[in-house]
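User: I would like to learn how to read a fold from its coordinates, one feature at a time. Could you take me through the model shown here?

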Amino acid sequence: MTFQDIFKSSFLDTVSAVSILDILLTLVFSFGIGLFIFYIYKKTYQGVMYSSSFGVTLIALTMITSQVILAVTSNVVLSLGMVGALSIVRFRTAIKEPLDIAFLFWSIAVGIILAAGMIPLAVIGSVIIGLILLLFVNRKSHKNPYIVVLTCENHDAETRAMDYLQNQVERCVVKSKSAQRDLVELNLEIRLKDDNTDFVNELSDLPGVHSTVLVSYNGDYMG
């Protein structure tokens, strides 16, 4: 059979009917697993500002993907047209958290797997992925760091403040230091021994210390 004979045949016009039961099962399971993905995203989120709309997007993306794959598998012409239509879509929303990419891909993959009829793979795989994310993302193998912004009037005041601070915290590392006439400013990364932050008040009362600011630091760090 030549390439021309293939196009003379009617395979491009063949439509495989999708049963109502398959549609309902796919949408129900995609909604349920999408809701599970949303729950895992909410429990593992560690960014600055939580976006509930992104969580809802994960549910919708799972259902929409499964619906698209069901339509694509029913007709060859429709699948070619769908590829052409989706190729012109451009997403302008910036992904701020790297882990969000994993959740987006997870939702899309589950929608494809469900539409392919591999429901056990989608369910069992999602449960395992969710447990792994809960275990590793929420794992706290270290104490949260803080940044102390310390302003002193001279070197002697700086020395007294540093000696006092090192006795009050578990770890103290100088991140930056700027010196002007009658003014020394230090940015220090510290690890607290406990949740007590009263030492900041006592630190600011030391002679020669103008101000002390304690800031929670949520960025990426080593150690």
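User: Where should I look to judge how strand β1 sits, and how many of its residues are buried?

Analyst: The place to look is the relative accessible area of each residue, where a value under 20% counts as buried. In this predicted model, strand β1 (residues 145-152) is mostly covered, with 6 of its 8 residues buried.

User: Which strands pair with β1, and in what sense?

Analyst: One reads this from the bridges between strands. β1 pairs with β3 in the antiparallel sense over 8 bridges, and with strand β4 (residues 209-216), also in the antiparallel sense, over 7 bridges. Individual positions give the register: facing β3, C152 stands opposite V184 and L150 stands opposite L186, while towards β4, V148 stands opposite L214.

User: What is the order of the strands in the sheet, and which strands stand at the edges?

Analyst: The 4 strands form an open sheet in the order β2-β3-β1-β4, with antiparallel pairing. β2 and β4 stand at the edges; each has a single partner strand, so one side of each is left without a neighbour in the sheet. From one strand to the next, the twist averages 15 degrees.

User: Which strands does helix α7 lie across?

Analyst: Helix α7 (residues 155-168) lies across β1, β2, β3 and β4, and runs at about 10 degrees to β3.

User: How should I read a helix that has a covered side, and which residues of α6 are buried?

Analyst: The general idea is that an α-helix has 3.6 residues a turn, so residues three or four places apart point the same way. In α6 the buried residues are A122, S126, G130, L133 and V137. They cover an arc of only 65 degrees around the axis, which puts them on the same side of α6. What covers these buried residues includes α2 (20-44) and α5 (98-115), whereas P120, I124, L131, L135 and F136 are exposed on the other side of α6.

User: What is the length of α6 from its first C-alpha to its last, and what would be expected?

Analyst: A check of this kind compares the end-to-end distance with the rise per residue. With 19 residues, α6 reaches 26 Å from its first C-alpha to its last, close to the 27 Å expected at 1.5 Å a residue.

User: Is L131 buried or exposed?

Analyst: L131, which lies in helix α6 (residues 119-137), is exposed, with a relative accessible area of 54%. Its C-alpha atom is separated by 8.5 Å from that of I40, although the two residues are 91 residues apart along the chain.

User: What is the phi of D182, and where is this residue found?

Analyst: Backbone torsions deserve a separate look. Phi of D182 is near 60 degrees, a positive value in a residue other than glycine. D182 is found in the loop between β2 (171-180) and β3 (183-191), and at 59% relative accessibility it counts as exposed.

User: How many helices and strands are there in the protein chain, and what do the totals for the chain say?

Analyst: The protein chain has 8 helices and 4 strands, which run α-α-α-α-α-α-β-α-β-β-α-β from the N terminus on. Of its 223 residues, 27% are buried, and the chain exposes about 14,600 Å², of which carbon and sulfur atoms supply 63%. Among contacts with a separation of 6 or more, residues 24 or more positions apart account for 73%.

How values were computed: Residues numbered from 1 in each chain as written. Predicted model: local features only at pLDDT ≥ 70, side-chain atom pairs only at ≥ 80, totals over all residues. Heavy atoms only, no water. Helix = DSSP H or I, 4+ residues; strand = E, 2+ residues; numbered from the N terminus. Buried < 20%, exposed > 50% of the residue type's maximum accessible area, 1.4 Å probe, protein only. Contact = heavy atoms within 4.5 Å. Areas by Shrake-Rupley, 256 points an atom, 1.4 Å probe, with all protein chains shown as cover. Pairing = 2+ DSSP bridges. Axes fitted to C-alpha atoms, helices over the stretch in contact; angles between N-to-C directions. Expected span 1.5 Å × (residues − 1). Arc of directions from axis to C-beta.
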